[in-house]
Amino acid sequence: MSDAGAKEKDCCWEKGVTPAGLGERIGIMMPEEATDRRAAVKSNSRYSTGILAFTLAEGTANAYLSRMVPEGTRMIANIAPEPDAYKGDAPFTRLGLAEPETIASGLRKTSICPEDTGTPEGKYLRSCVDIYAHDFASGRTRIYVRSSSG
(Lines give C-alpha, C1' and ligand atoms only; values in the text may rest on other atoms or scores of the structure.)
Protein backbone atom coordinates (compact mmCIF):
# COMPACT_ATOMS: atom_id res chain seq x y z
CA MET A 1 0.00 0.00 0.00
CA SER A 2 1.32 3.44 -0.87
CA ASP A 3 1.93 6.09 1.80
CA ALA A 4 -1.10 8.03 0.51
CA GLY A 5 -3.23 4.88 0.66
CA ALA A 6 -2.10 4.14 4.22
CA LYS A 7 -2.83 7.73 5.30
CA GLU A 8 -6.32 7.57 3.78
CA LYS A 9 -7.01 4.24 5.49
CA ASP A 10 -6.07 5.70 8.89
CA CYS A 11 -7.51 9.18 8.32
CA CYS A 12 -10.57 10.69 9.83
CA TRP A 13 -11.63 8.08 12.38
CA GLU A 14 -13.47 9.75 15.27
CA LYS A 15 -12.00 9.21 18.72
CA GLY A 16 -14.00 7.98 21.70
CA VAL A 17 -16.76 6.24 19.73
CA THR A 18 -18.55 3.61 21.81
CA PRO A 19 -20.97 0.93 20.60
CA ALA A 20 -23.75 2.33 22.82
CA GLY A 21 -23.09 5.89 21.64
CA LEU A 22 -23.03 4.94 17.98
CA GLY A 23 -26.13 2.79 18.41
CA GLU A 24 -27.96 5.77 19.85
CA ARG A 25 -26.63 8.08 17.13
CA ILE A 26 -27.91 5.91 14.26
CA GLY A 27 -30.94 4.47 16.06
CA ILE A 28 -29.85 0.88 16.54
CA MET A 29 -30.94 -0.45 19.93
CA MET A 30 -28.65 -3.35 20.81
CA PRO A 31 -30.22 -6.05 22.97
CA GLU A 32 -28.84 -6.23 26.51
CA GLU A 33 -27.57 -9.74 25.73
CA ALA A 34 -25.29 -8.42 22.96
CA THR A 35 -21.63 -9.25 23.48
CA ASP A 36 -18.41 -8.44 21.62
CA ARG A 37 -19.71 -4.93 20.88
CA ARG A 38 -17.52 -2.90 18.51
CA ALA A 39 -17.96 0.50 16.84
CA ALA A 40 -16.17 3.16 14.82
CA VAL A 41 -17.06 6.25 12.81
CA LYS A 42 -15.15 7.65 9.86
CA SER A 43 -15.94 11.22 8.82
CA ASN A 44 -15.01 13.40 5.92
CA SER A 45 -16.25 16.78 4.71
CA ARG A 46 -19.38 15.31 3.11
CA TYR A 47 -20.61 12.49 5.33
CA SER A 48 -19.92 10.12 8.19
CA THR A 49 -20.01 6.35 8.07
CA GLY A 50 -20.64 4.43 11.26
CA ILE A 51 -19.84 0.75 11.61
CA LEU A 52 -21.25 -1.28 14.47
CA ALA A 53 -20.99 -4.97 15.24
CA PHE A 54 -22.23 -7.14 18.07
CA THR A 55 -22.83 -10.81 18.76
CA LEU A 56 -26.01 -12.54 19.92
CA ALA A 57 -27.18 -16.08 20.49
CA GLU A 58 -28.76 -17.30 17.24
CA GLY A 59 -32.33 -17.33 18.58
CA THR A 60 -31.95 -13.85 20.10
CA ALA A 61 -30.46 -12.58 16.81
CA ASN A 62 -33.36 -13.98 14.79
CA ALA A 63 -35.91 -12.43 17.16
CA TYR A 64 -34.05 -9.09 17.06
CA LEU A 65 -33.89 -9.10 13.26
CA SER A 66 -37.60 -9.92 13.01
CA ARG A 67 -38.28 -6.78 15.09
CA MET A 68 -35.89 -4.70 12.93
CA VAL A 69 -36.56 -5.80 9.35
CA PRO A 70 -40.02 -4.88 8.01
CA GLU A 71 -42.47 -7.67 7.27
CA GLY A 72 -42.20 -8.65 3.63
CA THR A 73 -38.50 -7.69 3.47
CA ARG A 74 -36.27 -10.71 3.12
CA MET A 75 -32.65 -10.87 4.13
CA ILE A 76 -30.76 -12.43 1.26
CA ALA A 77 -27.65 -14.58 1.12
CA ASN A 78 -24.37 -13.15 -0.09
CA ILE A 79 -24.33 -15.08 -3.35
CA ALA A 80 -21.38 -13.25 -4.92
CA PRO A 81 -18.78 -12.57 -2.23
CA GLU A 82 -15.69 -10.79 -3.41
CA PRO A 83 -12.87 -11.72 -1.03
CA ASP A 84 -10.29 -9.26 -2.32
CA ALA A 85 -12.43 -6.71 -4.13
CA TYR A 86 -14.16 -4.90 -1.25
CA LYS A 87 -12.46 -1.57 -0.54
CA GLY A 88 -15.07 0.36 1.45
CA ASP A 89 -14.24 3.73 2.97
CA ALA A 90 -15.12 2.55 6.49
CA PRO A 91 -14.09 -1.09 6.60
CA PHE A 92 -15.02 -3.48 9.40
CA THR A 93 -11.36 -4.54 9.40
CA ARG A 94 -10.95 -1.38 11.53
CA LEU A 95 -12.82 -3.36 14.21
CA GLY A 96 -10.75 -6.50 13.64
CA LEU A 97 -13.55 -8.22 11.68
CA ALA A 98 -13.91 -9.59 8.17
CA GLU A 99 -15.86 -7.47 5.71
CA PRO A 100 -19.38 -8.89 5.54
CA GLU A 101 -19.35 -8.44 1.75
CA THR A 102 -16.55 -11.04 1.59
CA ILE A 103 -18.30 -13.75 3.66
CA ALA A 104 -19.58 -16.61 1.53
CA SER A 105 -21.31 -18.85 4.06
CA GLY A 106 -23.98 -18.21 6.70
CA LEU A 107 -24.49 -14.54 5.82
CA ARG A 108 -27.79 -12.72 5.29
CA LYS A 109 -28.10 -9.06 4.36
CA THR A 110 -30.58 -6.27 3.70
CA SER A 111 -30.81 -2.50 3.66
CA ILE A 112 -33.49 -0.47 5.40
CA CYS A 113 -34.27 3.22 5.80
CA PRO A 114 -36.30 5.03 8.45
CA GLU A 115 -39.20 5.63 6.07
CA ASP A 116 -39.37 1.88 5.34
CA THR A 117 -39.80 0.79 8.90
CA GLY A 118 -42.60 0.79 11.35
CA THR A 119 -41.10 -2.20 13.10
CA PRO A 120 -40.51 -2.19 16.86
CA GLU A 121 -36.72 -1.81 16.51
CA GLY A 122 -36.66 -0.11 13.11
CA LYS A 123 -38.76 2.85 14.24
CA TYR A 124 -35.66 4.23 16.03
CA LEU A 125 -33.53 4.44 12.86
CA ARG A 126 -32.17 7.88 12.07
CA SER A 127 -30.56 7.01 8.73
CA CYS A 128 -30.45 4.20 6.20
CA VAL A 129 -28.45 1.16 7.23
CA ASP A 130 -27.04 -1.97 5.69
CA ILE A 131 -27.57 -4.90 8.07
CA TYR A 132 -25.69 -8.17 7.84
CA ALA A 133 -26.24 -11.24 10.01
CA HIS A 134 -23.46 -13.81 10.01
CA ASP A 135 -24.03 -17.20 11.65
CA PHE A 136 -20.31 -17.56 12.32
CA ALA A 137 -20.27 -20.23 15.03
CA SER A 138 -22.68 -22.85 16.29
CA GLY A 139 -25.52 -20.93 17.89
CA ARG A 140 -23.82 -17.50 17.53
CA THR A 141 -24.69 -14.70 15.11
CA ARG A 142 -22.73 -11.50 14.55
CA ILE A 143 -24.79 -8.50 13.51
CA TYR A 144 -22.97 -5.92 11.35
CA VAL A 145 -24.49 -2.48 10.73
CA ARG A 146 -23.15 0.20 8.37
CA SER A 147 -24.78 3.63 8.34
CA SER A 148 -23.86 6.68 6.29
CA SER A 149 -25.25 10.12 6.96
CA GLY A 150 -24.74 13.56 5.53
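Colleague: Which residues does serine 127 touch, leaving out those up to four places away in sequence?

Modeller: Bear in mind that this is a predicted model. Serine 127 sits in the loop between β4 and β5. Not counting residues up to four places away in sequence, serine 127 touches Ile26, Ile112, Pro114, Ser147, Ser148 and Ser149.

Colleague: And how far apart in space are serine 127 and serine 149, C-alpha to C-alpha?

Modeller: In sequence, 22 residues separate serine 127 from serine 149. In space, their C-alpha to C-alpha distance is 6.4 Å.

Colleague: Is serine 127 buried or exposed?

Modeller: The relative accessible area of serine 127 is 11%. The buried class covers anything under 20%, so serine 127 counts as buried.

Colleague: On to the sheet, then. In what order do the 6 strands line up?

Modeller: The 6 strands make an open sheet, and their pairing is antiparallel. Going across the sheet, the order is β1-β2-β6-β5-β4-β3.

Colleague: Which strands stand at the edges?

Modeller: Look for strands that each have a single partner. One side of each such strand is left without a neighbour in the sheet, so the edges belong to β1 (35–43) and β3.

Colleague: How many bridges join β5 to β6?

Modeller: These two strands run antiparallel. As one spot to look at, alanine 133 stands opposite isoleucine 143 in β6. The number of bridges joining β5 to β6 is 7.

Colleague: Which strands does α3 lie across?

Modeller: Relative to β2, α3 runs at about 135°. The strands that α3 lies across are β2, β4, β5 and β6.

Colleague: What about charges: which residue forms a salt bridge with arginine 67?

Modeller: The closest N and O atoms of this pair are 3.4 Å apart. The bridge links distant parts of the chain, from helix α3 to the loop between β4 (107–112) and β5 (129–137), 54 residues apart. At 31% relative accessibility arginine 67 is partly exposed, while its partner counts as buried at 13%. That partner is glutamate 121.

Colleague: And which residue forms a salt bridge with arginine 146?

Modeller: Here the closest N and O atoms lie 3.5 Å apart. Arginine 146 belongs to strand β6 (residues 140–149), and its partner, 47 residues away, is in the loop between β3 and β4. Both members of the pair are buried. The partner of arginine 146 is glutamate 99.

Colleague: How far apart are the closest N and O atoms of arginine 38 and aspartate 36?

Modeller: Arginine 38 is partly exposed at 22% relative accessibility, and aspartate 36 is also partly exposed, at 33%. The two form a salt bridge, with the closest N and O atoms separated by 2.9 Å.

Colleague: Which residues are linked in a network of salt bridges?

Modeller: The structure has 7 salt bridges, among them the one between arginine 38 and aspartate 36. Those two belong to a network that also includes an arginine from further along the chain. The linked residues are Asp36, Arg38 and Arg142.

Colleague: Over the ring of which residue does the charged end of arginine 142 sit?

Modeller: Follow the charged end of arginine 142 to an aromatic ring; the distance to the ring centre is 4.4 Å. The ring belongs to phenylalanine 136.

Colleague: How many aromatic pairs does the structure hold?

Modeller: There are 2 aromatic pairs in total. One of them is phenylalanine 54 with tyrosine 64, edge-to-face, with 5.8 Å from centre to centre and planes at 80°. That pair connects strand β2 (residues 48–57) to helix α3, 10 residues apart, and both residues are buried.

Colleague: How are the rings of phenylalanine 92 and tyrosine 144 arranged?

Modeller: Their centres are 5.0 Å apart and their planes meet at 90°. Phenylalanine 92 is in the loop between β3 and β4 and tyrosine 144 in strand β6, so the pair ties together parts 52 residues apart in sequence. Phenylalanine 92 is buried at 0% relative accessibility, as is tyrosine 144 at 2%. Planes over 60 degrees apart count as edge-to-face, so that is the arrangement here: edge-to-face.

Colleague: Last one: is glutamate 71 buried or exposed?

Modeller: Glutamate 71 lies in the loop between α3 (58–68) and β3 (76–77). Its C-alpha is 8.1 Å from that of threonine 119, although 48 residues separate them in sequence. With a relative accessible area of 83%, glutamate 71 is exposed.

Key:
Residues numbered from 1 in each chain as written. Predicted model: local features only at pLDDT ≥ 70, side-chain atom pairs only at ≥ 80, totals over all residues. Heavy atoms only, no water. Helix = DSSP H or I, 4+ residues; strand = E, 2+ residues; numbered from the N terminus. Buried < 20%, exposed > 50% of the residue type's maximum accessible area, 1.4 Å probe, protein only. Salt bridge = Lys/Arg side-chain N within 4 Å of Asp/Glu carboxyl O. Phe/Tyr/Trp six-rings, centres within 6.5 Å; stacked < 30°, edge-to-face > 60°. Lys NZ or Arg CZ within 6 Å of the ring centre and 35° of its normal. Pairing = 2+ DSSP bridges. Contact = heavy atoms within 4.5 Å. Axes fitted to C-alpha atoms, helices over the stretch in contact; angles between N-to-C directions.
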